Amino acid sequence: MEYQNVVEQLTEFGLTRQEASIYLCLYQNGELNGYETAKYTGISRSNVYSALAGLVEKGAAYLIEGASSKYTAVPVQEFCVNKIRNLQELAEELEKNVPKAKVATDGYITIEGYRHIYDKVLHMLESAQYRIYLSAPHTFIEKLREVLCEVIDRRKKLVLITDAQTDLAERGAIIYLTDCKETQLRLIIDSAYVLTGEITGSSGDTCLFSGQTNFVNVFKEALHNEIKLIELTGEKAE
């Protein structure tokens with residue numbers, strides 16, 4: 001994986017880009033003092049010492065005391081697991097202490113960017129209580145395989161409309177085959193919430209989310225009609 005991609009991924013774990021670069025330097029070169037780190041990275045010594053202190057504070061590096069203080073990177077797997085564990089504990093505390101939220105409105109919410117859309121889909125699938133209708137490209141269905149299997153294991157009704165065969169039917173999903181979906185995404189959860197839009201994998205992707213009753217009902221009817229048409233053409237997966 002390219003260096004810059006690794007740096008970007010490390011920033012997702014709370015490091016600044018400068019801290020991420022210095023972390024990788026320590027990771028590749030072992031124990032280094034501030035002077036050596038500055039020499040390897042080309043970053044000024046004042047910024048290096050500040051970033052090294054930040055790495056120690058964030059649990060990404062250890063300080064080794066001695067005649068010349070040195071630093072070493074915490075192994076990446078250990079650092080990531082610790083960070084995730086700490087965030088999970090923080091999430092549990094937030095759920096207990098956050099002020100009570102107002103009841104959700106039945107408006108329309110625009111969700112932009114593939115990553116945010118994907119996260120919303122996961123959340124909707126995981127929170128489903130009764131039934132799920134998902135119309136999406138086969139490639140997107142396969143990316144969701146793990147969570148879809150969990151949905152089936154929780155005995156929730158799962159109906160998929162997609163453009164290629166999948167063995168999820170063997171696990172209990174109801175599958176309808178149709179023409180190539182390309183980038184179209186449509187999702188209904190518990191006949192209460194809808195997510196619809198285009199997914200290409202880019203930050204420019206946009207989807208509409210709503211719990212507005214009339215919109216949900218119209219959307220359900222459209223999806224029902226598509227399923228009826230597929231049944232008439234005999235393209236339901238067995």
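Let me start with the hairpin, which joins β1 to β2 through five residues; helices and strands here are DSSP runs, helices being H or I with at least four residues and strands being E with at least two, numbered from the N terminus. Strand β1 covers residues 61-64 and strand β2 residues 70-73, and the two run antiparallel, joined by four bridges, where pairing of two strands requires that DSSP finds at least two bridges between them. Within this pair, Leu63 stands opposite Tyr71 in β2.

Before going on, I should say that this is a predicted model, in which local features need pLDDT of at least 70 and side-chain atom pairs count only at pLDDT 80 or more, while totals for chains, interfaces and linings use all residues. Residues are numbered from 1 along each chain as its sequence is written, and side-chain values use heavy atoms, with hydrogens and water left out.

Now to the sheet. An open sheet of seven strands, with mixed pairing, follows the order β3-β9-β8-β7-β4-β5-β6. At its edges stand β3 (108-112) and β6, each with a single partner strand, so one side of each has no neighbour in the sheet. Neighbouring strands of this sheet are turned by 10° against each other on average, with direction ignored; axes are lines fitted to C-alpha atoms, for helices over the stretch in contact, and angles run from 0 to 180 degrees between N-to-C directions.

At the β3 edge, five bridges join β3 to strand β9 (residues 206-210), and these two run antiparallel, with Ser210 in β9 as the bridge partner of Tyr108. Helix α10 (residues 213-232) packs on the sheet, where it touches β3, β4, β5, β6, β7 (184-189), β8 (193-198) and β9, and its direction makes about 115° with that of β7; contact means heavy atoms within 4.5 Å.

Towards the other edge, β5 runs parallel to strand β4 (residues 131-135), joined to it by five bridges, and Arg131 stands opposite Lys157 in β5. Strand β5 also runs parallel to strand β6 (residues 174-177), through four bridges, and here Val159 stands opposite Ile174. How many of the residues of β5 are buried? Five of the six, in a strand covering residues 157-162, so β5 is largely enclosed by the rest of the structure; buried means under 20% relative accessible area, exposed over 50%, and partly exposed in between, with a 1.4 Å probe and protein chains only.

Turning to helix packing, helix α2 (residues 17-29) and helix α3 (residues 34-41) pack at an angle of about 105°, with their axes 10 Å apart. That makes α2 roughly perpendicular to α3, a term that covers 65 to 115 degrees. On the α2 side the contact involves Ile22, Cys25, Leu26 and Asn29, which meet Thr37, Tyr40 and Thr41 in α3.

Finally, the aromatic residues: the structure holds nine aromatic pairs, counted where the centres of Phe, Tyr or Trp rings (for Trp, the six-membered ring) lie within 6.5 Å. In one of them, Tyr114 and Phe140 have ring centres 6.4 Å apart and planes at 80°, so the pair is edge-to-face, the word for planes over 60 degrees apart, whereas under 30 is stacked and the rest tilted. Tyr114 lies in helix α6 (residues 114-127) and Phe140 in helix α7 (residues 138-143), so the pair ties together parts 26 residues apart in sequence. Tyr114 counts as buried at 16% relative accessibility, and Phe140 is buried at 4%.

Methods. Parallel < 35°, antiparallel > 145°, perpendicular 65-115°, else oblique.
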